[in-house]
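Let's take a walk through this one, from its charged pairs to its strands and rings. Have the model open and follow along.

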Amino acid sequence: MNHTNTQDEANRKAKPVAPKVKELIERTKSIVLATVDAEGNPNSSYAPFVQVDNTLYILVSFMAKHTKNLADGRKTSIMFIEDESATKQIYARERLTIEAAASQVERDSEKWNTVVTKLKETHGKVVDVIAEMQDFILIALQPVKGSYVNGFGSAYFVDENLEILEHRNDVNHQSK
């Protein structure tokens, strides 16, 4: 059997696993952030988050590069990813990657108070301390589109509501 036939057989055997986007978000406490600065230099970091309705919120300090990038309204990508210790196959970790629009929430507004309360409920009393620090701002991350992967041959397009649009079966893996 040649290599092409072996790859074709592997593609046929790879069955999509039912998407569990909301479950991945619910069991994750922090997100991985990818931002760019004014010169286009990339920066990656992470931040604890909460979800209110369909928006993700992070409370972040201007001491971090990503905060200025987010406050300036630049494009961002966020990722939820399965813990390495929980995965059966390191190459097939469950993950959700989302392009998001970032905007700053006005301090002491109704939205600020609602989200900071939820952050405290989720992440503890440390939120009381950092929310009072003036270098910390609240950023809203509104999903635009994304992708969800939960195994080999199991990748999906995701919409702005974090709902599955379709299986990404139109692109097959190619090998030499």
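How many salt bridges does the structure hold? There are six of them. Keep in mind throughout that this is a predicted model.

## Salt bridges

Start with Asp72, which forms a salt bridge with Lys68; their closest N and O atoms sit 2.8 Å apart. Asp72 is partly exposed, with a relative accessible area of 39%, and Lys68 also counts as partly exposed, at 46%. Next, look at Lys120 and Asp128, whose side chains meet in a salt bridge at 2.9 Å, N to O. Lys120 has a relative accessible area of 34%, so it is partly exposed, and Asp128 is partly exposed with 36%. Going back to Lys68 and Asp72, these two are joined with Arg74 into one network by salt bridges that share partners.

Glu84 and Arg93 make another salt bridge, at 3.4 Å from N to O. Here the two ends sit in unlike surroundings. Glu84 counts as exposed, at 54% relative accessibility, whereas Arg93 counts as buried, at 14%.

## Around Asn69

Asn69 belongs to helix 3, which covers residues 65–71. Is Asn69 buried or exposed? With a relative accessibility of 5%, Asn69 falls under the 20% cut-off and so counts as buried.

And what does Asn69 touch? Leaving aside residues up to four places away in sequence, Asn69 is in contact with Thr35, Val36, Asp37, Asn43 and Arg74. Arg74 is a name we have met already, as a member of the network with Lys68 and Asp72.

## Overall layout

Stepping back, the protein has five helices and nine strands. Read from the N terminus, the elements go α-α-β-β-β-β-α-β-β-α-α-β-β-β. Of its 176 residues, 37% count as buried. The protein exposes about 10,900 Å², and carbon and sulfur atoms supply 51% of that area.

Among contacts with a separation of 6 or more, 62% come from residues 24 or more positions apart.

## Strand pairing

Strand 6 (95–105) is a good place to trace the pairing. Strand 5 and strand 6 run antiparallel, joined by six bridges; one of the partnerships to look for is Thr76 with Ala100 in strand 6. Strand 6 also runs antiparallel to strand 7 (residues 136–149), with eleven bridges between them. There, Ala102 has Leu141 in strand 7 as its bridge partner.

## Aromatic pairs

How many aromatic pairs does a search of the whole structure find? The search turns up two. In one, the rings of Phe49 and Phe80 have centres 5.2 Å apart and planes at 80 degrees, so the pair is edge-to-face. This pair links distant parts of the chain, 31 residues apart: Phe49 is in the loop between strand 2 (42–48) and strand 3 (50–52), while Phe80 is in strand 5. Both Phe49 and Phe80 are buried.

Then there are the rings of Tyr148 and Tyr156, with centres 6.3 Å apart and planes at 35 degrees, which makes the pair tilted. Tyr148 and Tyr156 are both buried too.

## A nonpolar surface patch

Finally, turn to the surface, where Ile90, Tyr91 and Phe152 form a nonpolar patch with about 390 Å² of accessible area together. Where does Ile90 sit? Ile90 is in the loop between strand 5 (76–81) and strand 6 (95–105). Its relative accessibility is 47%, so Ile90 counts as partly exposed.

Key. Residues numbered from 1 in each chain as written. Predicted model: local features only at pLDDT ≥ 70, side-chain atom pairs only at ≥ 80, totals over all residues. Heavy atoms only, no water. Patch = residues over 30% accessible without salt bridge, like charges linked within 9 Å, V, L, I, M, F, W, Y side chains within 5 Å. Areas by Shrake-Rupley, 256 points an atom, 1.4 Å probe, with all protein chains shown as cover. Salt bridge = Lys/Arg side-chain N within 4 Å of Asp/Glu carboxyl O. Helix = DSSP H or I, 4+ residues; strand = E, 2+ residues; numbered from the N terminus. Buried < 20%, exposed > 50% of the residue type's maximum accessible area, 1.4 Å probe, protein only. Phe/Tyr/Trp six-rings, centres within 6.5 Å; stacked < 30°, edge-to-face > 60°. Pairing = 2+ DSSP bridges. Contact = heavy atoms within 4.5 Å.
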